[in-house]
Amino acid sequence: MKKHYERIILYSDRKTEEIMNQQVMDQSSEFYGGFRDHDGLVEPKLAIFQVTTMTACLFNSQSCFYGSEIVYNRITIALSYIVRGQRENGFFDLINCNFYSGADTAFCLDGLLPAYIYLDRLSQTEYCSATEKSMISTLLPVMKSILVKGGKAMIHGGFHTPNHRWAIASVLMMLYRLTADESMREGAEKFLIEGCDCNDDGEYAERSAGGYNQVNNNAMMMLAAATGDDSWYEPVKRNLTMMLHYIEPDGSIFTNNSTRQDRGNKIYPTGYYLEYLYMGIKFHNETFLQAACFIMDQAVEKGIGPLDWLIHFMLHPELIEFEYETGKILRNYCHHYTDSGIVRLRRDSYSCSLLKDSPSFLYFQHGDLCVSMKIGASFCEHRYFVPENLVQLPQDEGFVLNQKMAGWYYLPFKEPQDTTDWWQMDHTKREKLNGPDMNFVITATEVKDGMDITIETAGIDRAPVRIELAFDAGCRVESPYFISEGSAGGGIVAKEGIVTASKGKYAITAGPGFGTHNYVAGKFGSQGRSQDCYTVYFTDFTCFKHTISLRAVPSAY
């Protein structure tokens, strides 16, 4: 992939120039040698990743910084700062959150390992120049000291989240391979005993398509490389296959079922590039190679970064020599991931996502314009329809989502209690009066250019219900009866007609509307109207049956 390699070198050269301008060069500062982030914070983790980028340029003969004495000096200053920032017991901190952190130590060492391995490998080759050997003789011992000290700390460290386990285990296992220190292997195996949390769908426990999938995949690939056990590649294959169904029409990732901080964020799949490329080459998977080329093409077209993979191309020359040019991503599919409780449907320029166990149970996207759907219903402790089941109907007739909201009331204790304090009473001992219930059945059916969503309620009558259609802010919303600028935080009840939301060259129609009341706020405990969207409400009283048609259409503006 020489064209990709050339782009990555140019990116790394530009980044090296930028980060040297951001390096703290005040010798009187405690942060001397570090780098300030966009919040003005300085910590070793950022410095480690900057060191790796600069190291790649310093030792790459095609870089404009190859053999640069200035870059070499900046790296040594940065390494000195990292050494000072590493705790005496070997841990690194994430200074705005975690201290003496095994997981953040793993992320730091993971960032430094590629540079260390490359320099160690280069030093043992016949084409390593005298100048390079001199530089390596200074840099390598410092890097090794940081790695070993951090590895010893991680053996006795803990973690907070599922992906932390694999970050720690994979780094420890790689350190074992590099040092033959049995304590590193034993430390890794303490975490690995829990087994990989990637399900048959390819979904890791955190369901983080925009973030931690990549962390987990990287860890599994490192475990395979460190142990020689190719079975660690299997969850990576499953996840990357699943992610082919998570690319939206605008090239971004569907993140609305994530349980982590990437939920709902606009994130592009740039971080998956190296994983698709490496796995595509290793397992002769043309679909993965097409995805890698698609991601690179999109990154160049949209100016999306970072492309900070130079050190990995230097470590794996096969990535440079292998040639493949067809960039393509799946554009037509309907896949039901039963374990993960999600349906992903894509038809060229539009997509639809159905989610189990989520108040926002439907997302419909045309190009870069998206609308989500919720059903607000205040009934006892319930505030929103949250699908308990997501079932595929036979013969491609669609999908059914349903929920039974069970009504109930406490009954008086039959005997006096030990306390009159309500909060001290054991209410599990109370009998309950059950009923009435509120039942929802939602049928989602694919039709030409979109979806039909049939909403049917049964059980208790006379209850006010609202359907919330949250369109991306910045659109224009209109019907035969109104035109409104779709400002963030705004909203309207559409009593009749088809509503059209337009943004750029894309539009989505929804309807026909209905509005028999204006109770759109919901009972206390309801989620407030989205301040990032413009919300169109359809309202009625139970019991009812309505079909809302969602269509992807060209914009009239």
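Student: Which residue in E20 stands opposite isoleucine 508?

Tutor: Happy to help, and keep in mind that this is a predicted model. Strand E18 (residues 506–511) and strand E20 (residues 545–554) pair in the antiparallel sense over six bridges. Across from isoleucine 508, the residue in E20 is alanine 552.

Student: Which strands stand at the edges of the open sheet, each with a single partner strand?

Tutor: Let's write out the order of the nine strands, which is E9-E10-E11-E12-E20-E18-E17-E14-E15, with antiparallel pairing. Each edge strand has a single partner, so one side of it is left without a neighbour in the sheet. From one strand to the next, the twist averages 20°. The edge strands are E9 (389–392) and E15 (482–486).

Student: Let's turn to E6. Are its residues buried or exposed?

Tutor: In a regular strand, side chains alternate between the two faces of the sheet. Here Leu362, Phe364 and His366 point one way from E6, while Tyr363 and Gln365 point the other way. Five of the five residues are buried, so E6 is largely enclosed by the rest of the structure. The answer for both sets of side chains is buried.

Student: What is the bridge partner of leucine 362 in E7?

Tutor: E6 and E7 run antiparallel and are joined by five bridges. Their hairpin has two residues between the strands, and glycine 367 takes a positive phi near 60° there. In E7, leucine 362 is matched with methionine 373.

Student: And which residue in E6 is the bridge partner of cysteine 352?

Tutor: Strand E5 (residues 350–355) pairs with E6 in the antiparallel sense over five bridges. The hairpin of E5 and E6 has six residues between the strands, with aspartate 357 in the turn at a positive phi of about 60°. The partner of cysteine 352 in E6 is phenylalanine 364.

Student: Which strand gives the most to the lining of the second largest pocket?

Tutor: This pocket has a volume of about 720 Å³. Of its 29 lining residues, the closest to the centre are Asn256, Gly264, Tyr363, Ser372 and Cys533. By class, the lining has eight nonpolar, 13 polar and eight charged residues. With four residues, the strand that gives the most is E7.

Student: Which helix gives the largest share of the lining of the largest cavity?

Tutor: About 40 Å³ of space lies in the largest cavity. The lining consists of Met243, Leu244, Ile247, Pro269, Tyr276, Ala291, Phe294, Ile295 and Ile329, and these divide into nine nonpolar, no polar and no charged. The largest share, three residues, comes from helix H11 (residues 286–302).

Note on methods. Residues are numbered from 1 along each chain as its sequence is written. This is a predicted model: local features need pLDDT of at least 70, side-chain atom pairs count only at pLDDT 80 or more; totals for chains, interfaces and linings use all residues. Side-chain values use heavy atoms; hydrogens and water are left out. Two strands pair if DSSP finds at least two bridges between them. Axes are lines fitted to C-alpha atoms, for helices over the stretch in contact, and angles run from 0 to 180 degrees between N-to-C directions. On a 1 Å grid over the protein atoms alone, a cavity is a set of points where a 1.4 Å probe fits but cannot get out, and a pocket is an open set with protein on both sides within 12 Å along at least five of seven lines; lining residues have an atom within 4 Å of a point. Grid points are joined across faces, edges and corners, and a volume is the space filled by probe spheres set on the points. Ala, Val, Leu, Ile, Met, Phe, Trp, Tyr, Cys and Pro count as nonpolar, Asp, Glu, Lys and Arg as charged, and the others, Gly among them, as polar. Buried means under 20% relative accessible area, exposed over 50%, partly exposed in between (1.4 Å probe, protein chains only).
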